[in-house]
Amino acid sequence: MSSDESRPGPSTPAKKRSRWDAEDHSSEGPQKPVATKRLKSKPPPESQSPASIPSSAPASRQVSVERRRPTHSTYVPPRTLHPPIVPSRSVYCYERLNSIEEGSYGVVFRAREKETGDIVALKKLKLDEEKHGFPITALREINALMTCKHENVVGIREVVVGDTLTQVFIVMDFIEHDLKTLLTVMPSPFLQSEVKTLMLQLLSAVAFCHERWILHRDLKTSNLLMNNRGTIKVADFGLARRYGDPVGVGGLTQLVVTLWYRAPEILLGATTYSTAVDMWSVGCIFAELLLKEPLFQAKNELELISMIFKLLGPPTGTTWPEYSSLPLAKTMNLPAPYPSQLRQKFPYITTAGLDLLSQLLTYDPEQRITAEEALKHPYFSESPYPKHPDLFGSFPSAAAGEKRQKLYKSPSAPARAADYKLLTEFDMP
Ligand SMILES: Nc1ncnc2c1ncn2[C@@H]1O[C@H](COP(=O)(O)OP(=O)(O)OP(=O)(O)O)[C@@H](O)[C@H]1O
Ligand SMILES: [Mg+2]
């Protein structure tokens, strides 16, 4: 069974909803922001920090100084040395407008900030079933968004809290569309000049994240938002992590990247992987922009790997020297070598365009093109040139309307299910 099938259903049980996001909620919340006890506590006044207690205080003040002695170790730096720590604001600073989408890790709402009138998107993190405190995945998502502030990455504004500890929301800039929905409703595919602009934006966001040691690990068209001014914003860092961090026993998890966009090294059980996994997904997105439909619409890992082999030709000792050392390679029966079928699949793209696509969809992660290199690819400097974002047409926003209908069927991001098992018997059908 694929990991995508084993994940729990996406909906948050109604009884666990906060007053803010319950269906019958009135826009008025409590007058005062509600914060958790810990978040509410104010930093100690400066006079209480050890650094501010004079060592030669007059005798008359000795008693009070004694009483004020800090309860923590003097080796702990005083709060005054920390950057200002401000408590999270309440979700009631926002008026809920409509729900946009319910994904695997949270619900996303459109909302208005009461003070400024700004329209924002609030992603409610799914914390209801957490038994071990605040989940690392949520911390990684917030941290990655804060690290990767870029024109083509969705802007995080703040994190707000609801009535209880399980109600935490990420506040982001509201972006009108996601690329997946747009591709579904558009009558014809994007023009070459538009594909170039979108790819340049995506690549510059990915290069920026990779420079900051952040792997996205779930790049796909539904996680690419697009505003009405032709600008793409990479969103959903729910599976992101720092790739320089020490890797635990067993290596990096294989529970990453939504099936259709998953790199072959992950499919074949690699426990160490890097930025190249994102670049494979970028290749799948490039192909999807050209085709107006996902490139590999497989039902499971086995079908996906056979589709990849069919399109690109099976890997060889030259195209992927490390192939045979991958955990699941031994279980595969490779067909006789044959050439890539990419040209037949994309008859209208220029030679340079096809070259970029095949450099992204390269088996060997070591040989796969990096985001930095791809940005300089000749495809972007040949005619037709990338279209200026301002010249993109605008579309009615499904996200700004009533609850969105699922217009497409595609697999979800992998679950964090502990009982996930990798396919052990890979075989070509
Ligand atoms: N800032 C935003 N502005 C507008 N819409 C947004 C925004 N962020 C997310 N969305 C919408 O909500 C959807 C789900 O958001 P996101 O991908 O972050 O959540 P998720 O729970 O991780 O989803 P999934 O696991 O299905 O990818 C997106 O596909 C997009 O349609
Ligand atoms: Mg998503």
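Me: Before I look at any strand, what makes a residue buried or exposed here?
Reply: A residue is buried if 20 or more other C-beta atoms lie within 10 Å of its own, exposed if 12 or fewer do, and partly exposed in between, with the C-beta atoms placed from the backbone. This is a predicted model, in which local features need pLDDT of at least 70 and side-chain atom pairs count only at pLDDT 80 or more, while totals for chains, interfaces and linings use all residues. Residues are numbered from 1 along each chain as its sequence is written, and chains are lettered from A and ligands numbered from 1 in the order in which they are written.

Me: How many helices and strands does the protein have, and what share of its residues is buried?
Reply: Helices (H or I, at least four residues) and strands (E, at least two) are DSSP runs, numbered from the N terminus. By that rule the protein has 12 helices and 11 strands, and 35% of its 429 residues count as buried.

Me: In what order do the strands of the open sheet lie?
Reply: Strands of a sheet pair through backbone hydrogen bonds, either parallel or antiparallel. Two strands are counted as a pair if DSSP finds at least two bridges between them. Here an open sheet of six strands has the order β1-β5-β6-β4-β3-β2, and its pairing is mixed. Because β1 (89–90) and β2 (94–102) stand at the edges with a single partner strand each, one side of each is left without a neighbour in the sheet.

Me: Which strands pair with β6, and how many of its residues are buried?
Reply: Strand β5 (residues 156–161) pairs with β6 (residues 168–173) in the antiparallel sense over five bridges, and a hairpin of six residues joins β5 to β6. Within this pair, V161 has V168 as its bridge partner, and V160 has F169. Strand β4 (residues 119–125) is also joined to β6 by five bridges and runs antiparallel to it, with V120 opposite D173. β6 is mostly covered, since five of its six residues are buried.

Me: Where does the largest nonpolar core lie?
Reply: In soluble globular proteins, nonpolar side chains tend to be buried together. A nonpolar core is a set of buried Ala, Val, Leu, Ile, Met, Phe, Trp, Tyr and Cys residues joined through C-beta atoms within 7 Å. The largest one has 87 residues, and those with the most contacts inside it are L202, V282 and L360. Helix α8 gives the most to this core, with 10 residues. Domain 1 (91–173) and domain 2 (177–391), whose bounds come from an automatic or database domain assignment, both give residues to this core, so it lies between them.

Me: What is L202 in contact with?
Reply: Two residues are in contact if their C-beta atoms, placed from the backbone, lie within 7 Å. Leaving aside neighbours within four places in sequence, L202 is in contact with N152, L224, I232, V234, V282 and I285.

Me: Which residues have an unusual backbone, and are they buried or exposed?
Reply: Most residues other than glycine have a negative phi, and most peptide bonds are trans. W213, in the loop between α6 (192–211) and β8 (214–215), has a positive phi of about 65 degrees, and with 13 C-beta neighbours inside 10 Å W213 counts as partly exposed. D236, in the loop between β10 (232–234) and β11 (241–242), has a positive phi of about 55 degrees, but D236 is buried, with 25 other C-beta atoms within 10 Å. A cis peptide bond joins S383 and P384, with omega about -5 degrees, and P384 lies in the segment after α12.
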